[in-house]
Every structure is written in structure tokens, then in C-alpha cells.
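Visitor: Please examine one part of this model closely, and set that part in the context of the whole. I would like to follow the reasoning as well as the result.

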Amino acid sequence: WAAFQRRFHAGRCATAPVLLPSPALQRERGILNSALTFKLQRDPSRGLPLRKRLYQHIKHELHPTATNRNLWHRYRATRKWIQRRLRKPVERIHYALGRKRVHVMVRAEQAPNAASRVTLDQARDALGMPLAKLDWRLSEIDKRSVAELTAQLDADFRRVGIGRLDLADWLREPGSAWPVDPTVSNHPIAGYHHMGTTRMSSDPAHGVVDADCRIHGYANLFVAGSSVFPSGGWANPTLTIVALAHRLADHLIRLRKNA
């Protein structure tokens with residue numbers, strides 16, 4: 001666990017270590033891309049610890065006033081100081097006393113699912129506009145990918161003699177059900193990013209925009225953002241979104257010069 005808490009600095013950028021399935025393993029098992037790391041976590045049945053409840057309250061429930069923003073920045077600075085100075089010895093004590101166990105954390109790619117929908121709700125916002133209604137569906141391959149990957153990690157642990165991995169019961173159950181564990185992350189369903197709905201494809205039958213982010217059938221309507229991703233991957237999408245925006249800007253500049 002301590003090894004995977006380390007950060008490797010290259011200039012001002014910090015890189016975090018993760019374990020990845022090889023492309024060969026992905027092809028062999030027919031699974032999606034994912035990344036593994038480790039976390040010391042207490043029994044989920046005990047509920048959220050006080051520090052997480054405080055984090056969620058400050059971040060999600062306070063109004064964005066200058067005073068509350070200042071409170072948030074002070075809280076984050078204090079939290080980072082505690083993590084740098086005190087977290088490792090405190091976590092070792094929790095582990096020695098049996099209050100926490102080492103858990104495998106999976107950041108998993110989700111396969112595109114045509115059954116998912118974003119529609120307009122009957123409810124409206126303060127300006128009278130309909131709210132977005134998200135119908136988010138998971139697929140069998142999403143769950144199977146995590147099951148296959150963690151089973152492989154267990155086999156590798158046993159092969160080299162460093163331990164074993166106990167798979168969660170829900171990974172062995174049929175269907176695509178994915179339980180929500182609020183203790184995993186600072187968000188109820190861990191880290192998530194909205195993607196898709198204007199998928200990129202050369203064929204209008206399988207997507208909304210072409211390779212230049214232009215909506216099929218329109219000469220001057222373009223989309224930039226994670227909505228054009230053909231698939232999500234497991235990593236944060238921000239840098240890819242920025243790259244797409246720069247790429248589209250260059251394309252539009254060329255179109256204007258050639259007009």
C-alpha cells in the first residue's frame with residue numbers, strides 16, 4: 001500500500017503508479033482496459049468515517065461564497081498536510097489493530113452502451129429549463145472485465161508467493177449489477193466522468209461526429225468534448241479533451257483560411 005502512495009515528480013508533474021493489464025491479456029480474455037492500485041480501507045459496514053462525511057459536506061453542500069471557498073482551501077491544505085506527515089504511521093496502526101485491510105481498487109473502462117440515454121426531465125431548473133435525466137446502463141463486459149482482472153491478479157500473487165486476493169462475492173454473481181460502496185471514494189460511485197452521446201465515427205450509422213468533430217450532415221456544426229469519445233478508457237479525460245479542443249481549433253483555422 002505504501003509503495004502505491006508514492007508520487008514520482010518530473011518537473012511540476014507528479015505521476016502515480018498503477019498496475020495495468022497487458023494488451024495481450026486484454027485480447028486473450030476479451031476484457032476492457034483498467035488500472036489497479038491498493039487502498040487501506042475499513043469494513044464498509046461501519047459506514048463513512050467522520051473525515052469523509054466532513055469532506056463531502058464542505059465540497060458538495062456549502063454555497064460557493066468567498067467565505068466558504070476560503071474554508072474549502074484551508075480544509076484541503078490541512079488535509080494534505082496530515083496526509084504527508086501523519087497518514088502512513090496512523091494507517092499502519094489501524095492495520096496492526098485489524099481496523100483496516102488492504103483492498104484492490106479498480107479504475108475500469110466502461111463499454112459504450114446504446115441502451116443508456118440522456119433525456120429531458122419534467123422537472124425544471126430555476127430558469128424554467130428542463131433538467132437533464134440520465135439513464136445510465138452497465139454491460140456484462142464491464143463487470144466481467146473486473147472479475148477477470150482481479151482473478152488474474154490473485155493467480156499472480158499466488159504464483160510468486162506474496163499472498164492472495166479474495167474476490168468480492170458480487171463479482172461472481174450473474175448479470176451486470178454493480179453495487180455502490182460509498183466508502184470506496186469521496187463520491188458515492190467513486191470517480192466518474194460523463195462521456196458519449198455524440199460519439200465519433202466515420203459512419204453516420206454508428207456515430208454523431210466525424211474525425212474532425214463535425215456533426216454528420218452539417219457543414220458548420222462541430223462538437224468538442226468527452227461526448228465525442230468512441231470509448232472512455234479508464235484514465236481521467238481532461239488532457240484528451242484539451243487536445244481535441246486544440247485540434248479542432250487548428251482545423252477551423254485552416255477551414256477559414258481556405259474559404
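**Helix α3 and its setting**

Guide: Among contacts in the chain between residues at least 6 apart in sequence, 58% join residues at least 24 apart. The coordinates come from a predicted model, and what follows should be read in that light. The chain comprises six helices and six strands, which run β-β-α-β-α-α-α-β-β-β-α-α from the N terminus on. Its C-alpha atoms fill a box of roughly 70 × 55 × 45 Å along the principal axes. The accessible surface amounts to about 18,000 Å², and carbon and sulfur atoms contribute 56% of that surface. Of the 259 residues, 26% count as buried. As for charge, there are 42 positive and 21 negative side chains, with the centres of the two sets 11 Å apart.

The part chosen for close inspection is helix α3, which covers residues 66-85. Its length can be checked first. With 20 residues at 1.5 Å a residue, α3 should span 28 Å; the end C-alpha atoms lie 29 Å apart, and the two values therefore agree.

The burial pattern comes next. Within α3, the residues N68, W72 and Y75 are buried. Viewed down the helix axis, the buried residues of α3 fall within an arc of 65 degrees, so they line one face of the helix. That face has a partner: the buried residues of α3 pack against α2, which covers residues 50-60. On the other side of α3, the exposed residues are A66, T67, H73, R74, R84 and R85.

The partner helix leads back to the preceding loop. Between β3 (34-42) and α2 lies a loop that contains R46. R46 counts as partly exposed because its relative accessibility is 49%, and the class of exposed residues begins over 50%. R46 is separated from I141 by 95 residues in sequence, and the C-alpha atoms of these two residues are 31 Å apart in space.

A further residue for comparison of burial is Q26, located in helix α1 (residues 23-29). Since its relative accessibility is 19%, Q26 counts as buried; the cut-off for that class is under 20%. Leaving aside residues up to four places away in sequence, Q26 touches P21, I31, L32 and N33.

To return to α3: one face of this helix is lined by its buried residues, which pack against α2, while the other side carries exposed residues, among them R84 and R85.

Key
Residues are numbered from 1 along each chain as its sequence is written. This is a predicted model: local features need pLDDT of at least 70, side-chain atom pairs count only at pLDDT 80 or more; totals for chains, interfaces and linings use all residues. Side-chain values use heavy atoms; hydrogens and water are left out. Helices (H or I, at least four residues) and strands (E, at least two) are DSSP runs, numbered from the N terminus. Buried means under 20% relative accessible area, exposed over 50%, partly exposed in between (1.4 Å probe, protein chains only). Contact means heavy atoms within 4.5 Å. Accessible areas come from the Shrake-Rupley method with a 1.4 Å probe; for residues, only the protein chains shown count as cover. Lys and Arg count as positive and Asp and Glu as negative; His and the chain ends are not counted. The place of a charge is taken as NZ of Lys, CZ of Arg, CG of Asp or CD of Glu. The expected span of a helix is 1.5 Å times one less than its number of residues. The arc is that of the directions from the helix axis to the C-beta atoms.
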